[in-house]
Amino acid sequence: DWDATITYRRHLWSWGFGVAEAMDTAQRGMGLDWKNALELIGRSIKASKDIAGAEVWSGAGTDHVSSTNLDGVLAAYEEQCGAIEKLGGRIILMASRALCASAKSADDYAKVYDRVLSQVKQPVIIHWLGEMFDPALQGYWGSADHYAAMGICLSVLERNAAKVDGIKISLLDKDKEIAMRRKLPRGVRMYTGDDFNFAELIEGDAQGY
């Protein structure tokens, strides 16, 4: 129901909320295909144009391919990012099941993210979705240890800080989120994905929020 969907987006914008479009785990890769995701993204971006201050950030991933090689993953990311940018949209770079399945090392993650980030027109939000939400993402960034994975991710952020607005991590562990928040490059934001400790993490502490 496109009309009802966009009406609800307008309601959110009226309260000053931004919309993270077509990226929820229950949608992408689990029911909403790329064709319809792009339709949703296009309608939301168009609807936002006549509302002062309305923001839409849209999920770009690799869910339309089943590639198990890095070149295929890269091409898939490039296709979705290009399609969103063609509509005038801002990108949330989603975690990729295909990348997780094909990457042999942390260097493979670095290769893919460095390449994609070098091409985007505007800074993106990166989403690190943990295996507690999607078991197919176990070992993302090249390590099953979240702190080791965090180090790999941070190295990508540091090299590409000018192309990264922020990162949303969804690990349901406030201590890991705080630890990463304190190590982010200057100017890169942390967007919490912790449903259980949301208020405390938004409030922050003396070292950041």
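The residues lining the largest pocket split into 20 nonpolar, nine polar and ten charged. Keep in mind that this is a predicted model. The pocket itself holds about 1,100 Å³ of space. Its lining counts 39 residues, and those lying nearest the centre are Gly18, Ala20, Lys168, Tyr191 and Thr192.

Where does that lining come from? Helix 1 (2-14), strand 1 (19-21), strand 4 (124-129), strand 5 (164-170), helix 7 (174-181), strand 6 (189-192) and helix 8 (198-203) each put two or more residues into the wall of the largest pocket. Strand 6 is the top contributor, with four residues.

Now for enclosed space. Scanning the whole structure turns up one cavity of 30 Å³ or more, and the largest cavity has a volume of about 50 Å³. Around the largest cavity you'll find Trp128, Glu131, Leu137, Gln138, Gly139, Tyr140, Ser143, Ala144, His146 and Ala149. By class, that lining comes out as five nonpolar, four polar and one charged.

Here are the two spaces next to each other:

| Space | Volume | Lining by class |
|---|---|---|
| Largest pocket | about 1,100 Å³ | 20 nonpolar, nine polar, ten charged |
| Largest cavity | about 50 Å³ | five nonpolar, four polar, one charged |

On to helix packing. For a packed pair, what you want is the angle between the axes and the distance between them.

Take helix 1 and helix 2: they pack at about 45°, with axes 10 Å apart. That angle makes helix 1 oblique to helix 2, and the crossing is right-handed. On the helix 1 side, the contact uses Trp2, Thr5, Ile6, Arg9, Arg10 and Trp13, while helix 2 brings Asn36, Glu39, Leu40, Arg43, Ser44, Ala47 and Ser48. Sorted by class, the contact between helix 1 and helix 2 has five nonpolar, four polar and four charged residues.

Helix 2 (residues 34-48) also meets helix 3 (residues 70-86), where the axes come within 10 Å and cross at roughly 25°. Why call helix 2 and helix 3 roughly parallel? Because their crossing angle is roughly 25°, and angles under 35 degrees count as roughly parallel. The crossing of helix 2 and helix 3 is right-handed. Here helix 2 uses Trp34, Leu38 and Ile41, and helix 3 answers with Glu79, Gln80, Ala83 and Ile84. The contact of helix 2 with helix 3 breaks down into five nonpolar residues, one polar and one charged.

Conventions
Residues numbered from 1 in each chain as written. Predicted model: local features only at pLDDT ≥ 70, side-chain atom pairs only at ≥ 80, totals over all residues. Heavy atoms only, no water. 1 Å grid on protein atoms, 1.4 Å probe; cavity = no way out; pocket = protein on both sides within 12 Å on 5 of 7 lines; lining within 4 Å. Points joined across faces, edges and corners; volume = space filled by probe spheres on them. Nonpolar A, V, L, I, M, F, W, Y, C, P; charged D, E, K, R; others polar. Axes fitted to C-alpha atoms, helices over the stretch in contact; angles between N-to-C directions. Left-handed = near helix turned anticlockwise from the far one by under 90°. Contact = heavy atoms within 4.5 Å. Parallel < 35°, antiparallel > 145°, perpendicular 65-115°, else oblique.
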